Amino acid sequence: MQDFITQIVQWLHGMGIHPSPDAAAAVGDAAGQAAARMDMPSLLALAAALGWASGFRLYAVVFLTGAMGYAGWLPLPEGLKLLAHPAVLAASGFMLLVEFFADKIPWVDSLWDSVNGFIRVPAGALLAAGVFGADSAAMGLAAGLLGGSLAATAFATKATTRAAINTSPEPFSNWLASFFEDGLAVGVVWLATQHPLAFGIALAVMLVVSVLLLVVLYKFLKVVLGKLKGLAATPGS
């Protein structure tokens, strides 16, 4: 914003108009305050998007967000700047590739979901909290609760749907579902960062669809929960 104000001032000088430094500073402060007010919907949308998408594509979300910040396409909040570190980008990029292929193999995808179920929900909460946590502990906590809840809902929907799809002997429906989730993760992050209000509407629709799917596929949800309980009980057995 400051660079933009400087360019405007230089252009005015070229036109023979010479605003005082105080006037230019006042314009810059007013523009900065307006931008801060406009940023709140974007921050809320980003927190919700990170939480929701982490439930089914955690590593893609971490890599995409970090890459956008590293490239300068997205001004990352202070609590998320770590995602743009080269080491974090390398690790999340590697795990993205592993998950991409593991998610395309029937039953391996369900096993992968079961193992990563213990990572995606808290990670979604941490990412959402990172949007506000560096500036406001209260907002960070609220965002973390929201992000964790959204991640849990998205994870339950994804794992339940894939468990139902895996009962089919052909692999094509599994592949289609997996590619759809890949595209959905990219679309969610893009929509939240570019059109936060539209993302809010889309998120409401996705939540309704998720609830309906969980109700319809309840018996598969019980299978997923049983697997998670079995994995959680293994270390103590």
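Let's start inside the fold, with one residue: Ser-54 sits in helix α2. Here a helix is a DSSP run of H or I with at least four residues, a strand is an E run of at least two, and the numbering goes from the N terminus. With a relative accessibility of 0%, Ser-54 counts as buried; that label means under 20% relative accessible area, while exposed means over 50% and partly exposed is in between, using a 1.4 Å probe and protein chains only. Leaving out residues up to four places away in sequence, Ser-54 touches Ala-49, Val-61, Arg-120, Gly-124 and Leu-127. Touching, or contact, means heavy atoms within 4.5 Å.

A word on what you're looking at: this is a predicted model, in which local features need pLDDT of at least 70 and side-chain atom pairs count only at pLDDT 80 or more, while totals for chains, interfaces and linings use all residues. Residues are numbered from 1 along each chain as its sequence is written, and side-chain values use heavy atoms, with hydrogens and water left out.

Now step back to the whole chain. It has eight helices and zero strands, so the pattern along the sequence reads α-α-α-α-α-α-α-α. Of its 237 residues, 41% count as buried. Take the contacts between residues at least 6 apart in sequence, and 71% of them join residues at least 24 apart.

Gly-147 gives a nice example of that kind of long reach. This residue is in helix α5 and, at 0% relative accessibility, counts as buried. Gly-147 and Gly-55 are 92 residues apart in sequence, yet their C-alpha atoms are 9.4 Å apart in space. Setting aside residues up to four places away in sequence, Gly-147 touches Gly-51, Gly-124, Ala-125 and Ala-128.

Asn-116 tells a similar story from helix α4. Its relative accessible area is 3%, which makes Asn-116 buried. The C-alpha atoms of Asn-116 and Phe-56 are separated by 9.4 Å, with their positions 60 residues apart along the chain.

Next, the nonpolar interior. In soluble globular proteins, nonpolar side chains tend to be buried together. A nonpolar core here is a set of buried Ala, Val, Leu, Ile, Met, Phe, Trp, Tyr and Cys residues joined through side-chain atoms within 4.5 Å. The largest one has 37 residues, and those with the most contacts inside it are Trp-52, Leu-80, Leu-127 and Phe-199. The elements giving two or more residues to this core are α2 (21–71), α4 (108–132), α5 (137–165), α6 and α7. Of these, α2 gives the most, with 14 residues. Trp-52 touches Leu-150, Ala-151, Thr-153, Ala-154, Val-188, Leu-203, Met-206, Leu-207 and Ser-210, again without counting residues up to four places away in sequence.

Let's look at how some helices pack. The axes of α6 (residues 172–194) and α7 (residues 196–216) come within 6 Å and cross at roughly 140°. That makes α6 oblique to α7. Axes are lines fitted to C-alpha atoms, for helices over the stretch in contact, and angles run from 0 to 180 degrees between N-to-C directions. Angles under 35 degrees count as roughly parallel, over 145 as roughly antiparallel, 65 to 115 as roughly perpendicular, and the rest as oblique. On the α6 side, Leu-184, Val-188, Leu-191, Ala-192 and Gln-194 meet Pro-196, Ala-198, Phe-199, Ala-202 and Met-206 of α7. The residues of this contact divide into nine nonpolar, one polar and no charged.

What about α5 and α7? Their axes come within 10 Å and cross at roughly 45°, which makes α5 oblique to α7. The contact is made by Leu-150, Thr-153, Ala-156, Thr-157, Thr-160 and Thr-161 of α5 and Leu-203, Leu-207, Ser-210, Leu-213 and Leu-214 of α7. Thr-157, in helix α5, counts as buried at 10% relative accessibility. It touches Ser-210, Leu-213 and Leu-214, not counting residues up to four places away in sequence.

Finally, visit Trp-107, in the loop between α3 (86–102) and α4. Trp-107 is partly exposed, with a relative accessible area of 48%. Its phi is near 70°, a positive value in a residue other than glycine.

Note on methods: Nonpolar A, V, L, I, M, F, W, Y, C, P; charged D, E, K, R; others polar.
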